[in-house]
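Welcome to a short guided tour. Open the viewer, keep the selection tool at hand, and follow along stop by stop.

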Protein chains: 2
Amino acid sequence: MNQQLIFTNHVAQKLDEIVAEIKPANVAVIVDSNVHDAVIPRMQEESETIRNATIVVVKPGEDHKTTDTLTEIWDKLTSAGVTRSSLLINMGGGVITDMGGFAASTFKRGIPFINIPTTLLGAIDASVGGKTGVNFNGLKNQIGAFAEAETVIVSSTFFKTLPDSELWSGYAEMIKHGLLASKTDFDSLLAYDLTDRNYDRMLTLMEQNVAVKSNIVAADPTEKGIRKALNLGHTAGHAFEELAMERHAPLSHGYAVIFGLLVELILSKNLLGFPETEVSRLAEYIKKHYGVFRITPDEYDRVIALMHQDKKNFTTDTINFTLLTDVGKTEINQTVSEDEIRRALDEYHELLK
Amino acid sequence: MNQQLIFTNHVAQKLDEIVAEIKPANVAVIVDSNVHDAVIPRMQEESETIRNATIVVVKPGEDHKTTDTLTEIWDKLTSAGVTRSSLLINMGGGVITDMGGFAASTFKRGIPFINIPTTLLGAIDASVGGKTGVNFNGLKNQIGAFAEAETVIVSSTFFKTLPDSELWSGYAEMIKHGLLASKTDFDSLLAYDLTDRNYDRMLTLMEQNVAVKSNIVAADPTEKGIRKALNLGHTAGHAFEELAMERHAPLSHGYAVIFGLLVELILSKNLLGFPETEVSRLAEYIKKHYGVFRITPDEYDRVIALMHQDKKNFTTDTINFTLLTDVGKTEINQTVSEDEIRRALDEYHELLK
């Protein structure tokens with residue numbers, strides 16, 4: 001894999017340069033109707049590529065990340081005369097880059113594609129690493145492939161219209177990368193004030209941060225080993241996300257991840273001697289910027305059941321986690337007992353009180 | 001890619017050995033209803049793997065090589081609790097190995113699979129080389145991926161119930177490989193009497209023959225260059241196949257290929273000095289075993305239009321072919337004028353008269 005990652009706040013110009021080099025027979029762009037309305041008119045003014053492209057518009061949101069929408073995309077690519085000499089551009093959040101990447105990787109056994117993420121979460125997480133797919137029968141990303149974009153163009157200019165909560169959601173994944181990388185990275189993330197919306201500073205920070213993920217992915221593209229490091233925070237996080245769904249009060253992915261990170265740092269402290277001061281710093285940061293996600297002790301059993309489900313290991317009474325011995329020091333495949341999880345959930349509450 | 005190719009006439013025993021090594025969490029088998037009835041009962045008796053597997057049965061034939069059947073397969077794999085620790089076995093002709101391979105490569109972003117081809121064409125062609133896919137909107141293999149089986153188990157025992165014409169159809173692809181490989185290979189293929197149905201001899205010949213293809217595929221898995229050698233005979237062959245379809249008198253793929261090979265050897269002779277004696281030998285062999293596929297001069301325009309369509313290069317009045325300077329000596333990307341094609345079609349008729 002040799003994915004090109006470009007960080008720029010001059011997207012239209014950069015895109016035209018790249019496409020002039022690739023010289024595709026034609027170009028199709030996949031967007032959802034929100035991005036279509038918010039971004040495409042300006043992009044059509046500024047970029048010759050977008051002006052001349054076929055625009056494929058799909059319905060927005062996770063609910064439409066389905067094999068039906070996938071079939072619709074394949075159908076429109078066929079009508080647009082897309083071939084292996086064409087280029088596909090996925091412009092949008094994680095749903096679009098996941099689904100569009102999968103459509104590209106399976107159309108005529110694979111056509112080249114470029115991702116242009118328009119959300120912070122998409123830029124940090126979904127647009128890099130080659131995980132593509134759609135939901136199927138209610139299961140997330142049940143159908144998909146590992147397929148990397150030729151190029152990912154990351155820009156913070158798209159974030160101007162994002163609400164703060166969307167930025168914080170993406171920032172949770174950045175903090176995860178900081179924890180996996182080094183104390184310096186983690187420190188600079190906690191020191192940066194996201195709400196001042198300094199887009200150039202944000203772009204620099206994203207560039208450093210995405211490098212953490214792409215290095216891990218390059219070492220293990222198909223998730224046989226070290227890539228599991230990227231699951232940090234997600235075993236507890238997914239369980240919280242599901243629990244919130246069951247309560248009919250959905251928690252956005254990034255928020256679930258930040259609360260999950262705190263639980264898993266507590267487990268890291270209790271089981272692997274991860275430093276207590278770092279746990280407290282994260283807890284303070286979360287209280288200030290993300291608030292509190294409360295679970296009551298009588299919900300612990302449900303949380304643990306959801307963790308089992310996420311990991312698909314119902315057979316044992318332990319659960320696998322990615323944990324840390326220190327900031328920047330990962331241990332994958334850590335077996336944790338249900339009692340340890342209960343104890344960590346108690347501490348989580350104490351810390352966020 | 002490190003696909004394991006096994007040639008054996010003890011399929012059940014070999015399969016059980018391989019599966020005992022892989023230790024999958026569970027096994028699913030994809031077959032069409034014909035193979036299900038003809039092969040599964042005996043395999044269930046002989047193989048523990050098949051006895052314990054979930055059998056997924058789909059409707060037979062190219063007409064059901066669709067995204068609908070694909071969805072049906074994904075659905076059944078989900079119900080059967082198939083995960084990345086499972087193993088999928090595709091047992092059947094090219095339709096099943098193409099479609100089942102694609103289902104496997106996209107289910108949970110890819111699960112391991114084994115191909116067990118049950119036809120000669122499948123054994124020689126479709127089960128090796130990682131091209132998977134389904135038809136879409138009437139276009140062959142429009143949706144698919146490059147994904148190799150972990151293991152392909154090739155056996156001639158399945159051919160006992162195949163009619164002669166099915167064997168000859170597969171043998172056309174073997175002859176193509178012989179032409180690409182060497183004079184020795186080509187000679188031994190023309191010398192072998194397919195109709196004596198000596199299955200052990202056939203297995204040996206298949207082993208030598210499939211090696212030709214797997215070497216070419218290994219050198220160029222995603223068809224950027226030399227893999228195009230495998231298109232020999234197919235530019236003319238696909239056009240004949242389509243023409244026969246339009247006449248409502250379908251020609252099976254292998255028959256179309258053998259007639260296409262003759263046309264393309266004539267082009268090779270006229271343009272690249274391919275030896276005339278070899279052209280004549282192939283023509284004699286075809287007359288004896290395949291008969292004649294006649295096209296009239298007023299159909300030449302249609303044949304040429306179909307060749308353009310196959311290659312998707314409508315813009316020029318030349319067509320790209322893979323040709324030979326001699327047996328075993330390939331030249332890809334050879335530009336041929338429409339006049340040269342007309343001349344070759346005239347000669348084709350003379351030779352098969």
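Before the first stop, a word on pairing: two strands count as paired if DSSP finds at least two bridges between them. Keep in mind, too, that this is a predicted model.

**Stop 1: the sheet of chain A**

Select the strands of chain A that run in the order β1-β8-β5-β4-β2-β3. Together they form an open sheet of six strands with parallel pairing. Now look at its edges, where you will find β1 and β3 (54–58) of chain A. Each has a single partner strand, so one side of each is left without a neighbour in the sheet. From one strand to the next, the twist averages 20°.

For a detail of the pairing, pick strand β2 (residues 27–32) and strand β4 (residues 87–92) of chain A, which are joined in the parallel sense over four bridges. Zoom in on A:Val27 and you will see A:Leu87 of β4(A) opposite.

**Stop 2: helices across the sheet**

Add α4(A) to the selection: this helix lies across β2 and β3 of chain A, at about 165° to β3(A). Then add α5(A), which lies across β2, β4 and β5 (113–117) of chain A and runs at about 165° to β4(A).

**Stop 3: the core**

Which residues have the most contacts inside the largest nonpolar core? They are A:Val29 and B:Val29, in a core of 203 residues. Centre the view on A:Val29 and show its neighbours: leaving aside residues up to four places away in sequence, A:Val29 touches A:Ile50, A:Ala53, A:Ile55, A:Val56, A:Ile89 and A:Met91.

**Stop 4: a glutamate on helix α1**

Next, select A:Glu17, in helix α1 (residues 11–22) of chain A. Is A:Glu17 buried, exposed or partly exposed? With 13 other C-beta atoms within 10 Å, A:Glu17 is partly exposed. Try a distance from here to A:Ser47: the two are 30 residues apart in sequence, and their C-alpha atoms are 9.8 Å apart in space.

**Stop 5: two domains in chain A**

Colour chain A by its domain assignment, with domain 1 at 4–161 and domain 2 at 170–352. The C-alpha centres of these two domains of chain A lie 28 Å apart. Their contact takes 17 residues from domain 1 of chain A and 19 residues from domain 2 of chain A. On the domain 1 side, the elements that give two or more residues are β1 (4–7) and α6 (120–126) of chain A. The most comes from α6(A), with five residues.

**Stop 6: where the chains meet**

Bring both chains into view. Here 23 residues of chain A are in contact with 23 residues of chain B. On the chain A side, α4 (67–79), α5 (94–106), β6 (131–136) and β7 (139–146) each supply at least two residues. Highlight β7(A), which gives the most to this side, with six residues.

Now superpose chain A on chain B: this takes a rotation of 180° with 0.0 Å of shift along its axis, and the RMSD is 0.0 Å. The two copies are thus related as by a two-fold rotation axis. Both use the same surface, as 100% of the contact residues of chain A recur in chain B.

**Last stop: over to chain B**

Finish with β1(B) and strand β8 (residues 151–154) of chain B, which pair in the parallel sense over four bridges. Opposite B:Ile6 you will find B:Ile153 in β8(B). Then show helix α9 (residues 199–219) of chain B, which packs on the sheet, touches β1 and β8 of chain B, and makes about 165° with the direction of β1(B).

Terms used: Residues numbered from 1 in each chain as written. Chains lettered and ligands numbered in written order. Predicted model: local features only at pLDDT ≥ 70, side-chain atom pairs only at ≥ 80, totals over all residues. Contact = placed C-beta atoms within 7 Å. Axes fitted to C-alpha atoms, helices over the stretch in contact; angles between N-to-C directions. Least-squares fit on C-alpha atoms with pLDDT ≥ 70 in both. Core = buried A, V, L, I, M, F, W, Y, C linked by C-beta atoms within 7 Å. Buried ≥ 20, exposed ≤ 12 C-beta atoms within 10 Å, placed from the backbone. Domains from an automatic or database assignment.
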